[in-house]
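Me: I'm new to this structure and would love a close look at a single part of it. Could you pick one helix and walk me through what surrounds it?

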Amino acid sequence: MSLEDVTREKWATRIGFILAAVGSAVGLGNIWRFPFQVGQEGGAAFLVIYLLFVGLIGIPAMLVEFVVGRRSERNPINAFDRLGHGEWRFVGALGVFTGFVILAFYSVVAGWVTRYTFASLTGAYFGEPSVYFNSIAEGPAAIGFHALFMVATAVIVAAGIQRGIELAVKVMVPALLALLVGLIGYAFTLEGAAEGYQYYLSPEIGVIASNWMSILPAAAGQAFFTLSLGMGVMITYASYLGEDRNLAVDGGWIAALNTLVSILAGLVVFPVLFTIGVEPGSGGAGELFVGVGGAIAQVPGSRLVGFVFFGVVVIAALSSAISILEVLVSYAIDNYGMERKKATAVISSVVFLVGIPTAIDLDVLNLYDQITASLLLPLGVFLTVVFVGWVYPDSAEEVAKGTSKGSDGTLPTAWLWYIRIPILLVVGLVLVISAIDLYG
Ligand code: PFF
Ligand code: NA
């Protein structure tokens with residue numbers, strides 16, 4: 001038995017694992033990215049396709065990552081070696097690379113949110129929301145808050161699995177859900193509520209038929225991004241998981257809670273946008289800040305409302321950022337025998353540097369986001385499903401049984417064929433469309 005087997009950490013509790021995975025899933029993807037994707041891709045029609053992706057492809061893909069992680073008890077790169085297929089290491093490496101790029105720009109956006117949380121207290125953005133956003137989104141200020149957010153992320157990860165991540169998410173996730181419910185109650189009272197719900201919740205099927213070439217990859221990218229798939233996060237988190245947990249049950253809970261938060265966030269954001277007359281999707285990456293920020297400025301108690309709203313988003317972003325950083329740190333620990341604190345310091349510094357271009361130029365940020373969400377994440381998912389479905393089907397059977405101890409069976413055995421063919425066809429199609437779109 002090697003040193004790493006002796007010292008590998010584990011989640012203290014089952015709920016700790018679920019909360020950590022929910023914390024990873026719920027983040028800027030739900031509250032910042034989701035609403036402007038819905039807006040850009042035609043409203044409720046996009047919502048329908050997105051939900052289909054989450055349920056029919058996202059959840060199985062999550063189970064596939066879980067089983068790779070639990071079986072190997074390794075970071076995503078070494079996982080494939082440990083399962084006897086070292087030639088698949090590149091899939092883990094691709095995931096780690098993708099996570100690295102995502103964390104770099106994610107931290108910049110989270111830095112804006114951190115800034116807005118403080119700026120709410122003084123009302124700094126209340127006068128001219130779009131002027132304020134433009135003044136802080138690029139340049140030294142953005143770099144400073146990006147640094148601050150990376151430090152906060154690193155402090156939690158440096159404290160380890162049980163005392164850092166697990167403890168942090170046990171506080172953050174319940175707080176997040178409670179605050180979000182409060183905000184929905186508040187949004188319900190706004191003037192634009194009815195129009196917002198209408199836009200968000202009544203799909204026009206015609207929009208799907210005419211725009212499927214753009215809706216499909218956007219919905220797939222959003223589904224994978226929001227579930228933290230295609231980048232080794234779920235492999236890594238499941239590598240700290242005991243054998244007796246039922247993967248399918250845990251995965252279902254995680255996806256359901258994450259979807260709930262996305263839907264709830266939409267119930268806050270769309271009434272707000274319609275109340276102040278902002279067209280959803282028009283603001284791109286700045287939409288949350290200009291639209292929601294501008295609306296907050298106009299309500300009674302705006303300083304407190306703004307502080308709570310953006311504070312919720314910071315919490316959500318932090319519990320996601322720690323999951324990506326943990327992937328990178330677990331790799332350094334497993335492979336180079338680095339001490340956790342040192343690995344965390346080194347890696348978070350490099351991520352900080354890689355994020356700087358996105359803190360200087362919004363176009364670079366959009367480019368990082370586009371390439372990762374619509375190309376690299378689906379590619380990571382596709383390859384991992386090929387591995388579990390075709391190369392190592394034994395593990396797919398373990399998922400069907402739920403626990404690795406061979407119990408009752410949670411999924412029908414036909415599930416193997418479901419991941420082998422239909423899922424690969426759909427994700428393959430998404431990849432082709434995305435590639436044509438980006439490079440054609
Ligand atoms: N799922 C997170 C979100 O929706 O904000 C973002 C994210 C976290 C993406 C972790 C990828 C990841 F590995
Ligand atoms: Na999410």
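Reply: Happy to help: what follows is a tour that starts from helix H15 and moves out to the parts around it. One thing to keep in mind is that this is a predicted model.

Let's begin with the helix itself. H15 covers residues 302-336, and one of the elements packed against it is helix H9, residues 161-188. Two packed helices are described by the angle between their axes and the distance between the axes. For H9 and H15 the angle is about 145 degrees and the axes are 9 Å apart, and the crossing is left-handed. On the H9 side, the residues making the contact are Ile165, Ala168, Val169, Met172, Val173, Ala175, Leu176, Leu179, Leu180, Leu183 and Tyr186. On the H15 side they are Val305, Val308, Phe309, Val312, Ile315, Ala316, Leu318, Ser319, Ile322 and Glu326. By type, this contact has 19 nonpolar residues, one polar and one charged. If you look at the numbering, a general point helps: an α-helix has 3.6 residues a turn, so residues three or four places apart point the same way.

H15 also takes part in the interior. The largest nonpolar core has 158 residues, and its largest share, 18 residues, comes from H15. Met62, Ala219, Val313 and Leu325 are the members that touch the most other members of this core. Leu325 is a good one to click on: setting aside its neighbours within four places in sequence, Leu325 is in contact with Leu103, Thr153, Ala154, Val157, Ile347 and Ser348.

One of those partners, Val157, leads us to helix H8, residues 140-158, because Val157 belongs to the H8 side of a contact with H9. The axes of H8 and H9 come within 6 Å and cross at roughly 120 degrees. Ile156, Val157 and Ala158 of H8 meet Gly164, Ile165 and Ala168 of H9 there. That contact has five nonpolar residues, one polar and no charged. Ile165 and Ala168 may look familiar, as both also appear in the contact of H9 with H15.

Pause for a moment at Ala158, which lies in H8. Ala158 counts as partly exposed because it has 19 C-beta neighbours inside 10 Å, while 20 or more would make a residue buried. Its C-alpha atom is separated by 6.1 Å from that of Arg340, although the two are 182 residues apart along the chain. Leaving aside neighbours within four places in sequence, Ala158 is in contact with Gly164, Arg340, Lys341 and Thr344.

Now back to H15 and to the ligand. Ligand 1 has 16 residues around it, and Gly27, Gly29, Ser228, Val233 and Ser320 come nearest. H15 is among the helices that each supply at least two residues of this shell, together with H2 (14-25), H3 (28-40), H6 (89-122) and H11 (205-226). The shell divides into seven nonpolar residues, nine polar and no charged. Ser228 deserves a second look. It lies in the loop between H11 and helix H12 (233-238), and its phi is near 60 degrees, a positive value in a residue other than glycine. Ser228 counts as buried because it has 31 C-beta neighbours inside 10 Å.

Next comes helix H14, residues 287-297. H14 is mostly covered, with 11 of its 11 residues buried. Among them are Glu287, Phe289, Gly293 and Ala297. H15 is part of what covers these buried residues, and so are H3, H6, helix H7 (129-137) and helix H13 (247-276).

Our last stop goes back to the core. Ala219, one of its members that touch the most others, is also a contact of Phe46. Phe46 is found in helix H4, residues 44-72, and is buried, with 25 other C-beta atoms within 10 Å. Leaving aside neighbours within four places in sequence, the contacts of Phe46 are Gln37, Val38, Glu41, Ile215, Ala218 and Ala219. Ala218 is 172 residues away from Phe46 in sequence, yet the two are 8.5 Å apart in space, C-alpha to C-alpha.

Definitions and conventions:
Residues numbered from 1 in each chain as written. Chains lettered and ligands numbered in written order. Predicted model: local features only at pLDDT ≥ 70, side-chain atom pairs only at ≥ 80, totals over all residues. Axes fitted to C-alpha atoms, helices over the stretch in contact; angles between N-to-C directions. Helix = DSSP H or I, 4+ residues; strand = E, 2+ residues; numbered from the N terminus. Left-handed = near helix turned anticlockwise from the far one by under 90°. Contact = placed C-beta atoms within 7 Å. Nonpolar A, V, L, I, M, F, W, Y, C, P; charged D, E, K, R; others polar. Near = placed C-beta within 6 Å. Core = buried A, V, L, I, M, F, W, Y, C linked by C-beta atoms within 7 Å. Buried ≥ 20, exposed ≤ 12 C-beta atoms within 10 Å, placed from the backbone.
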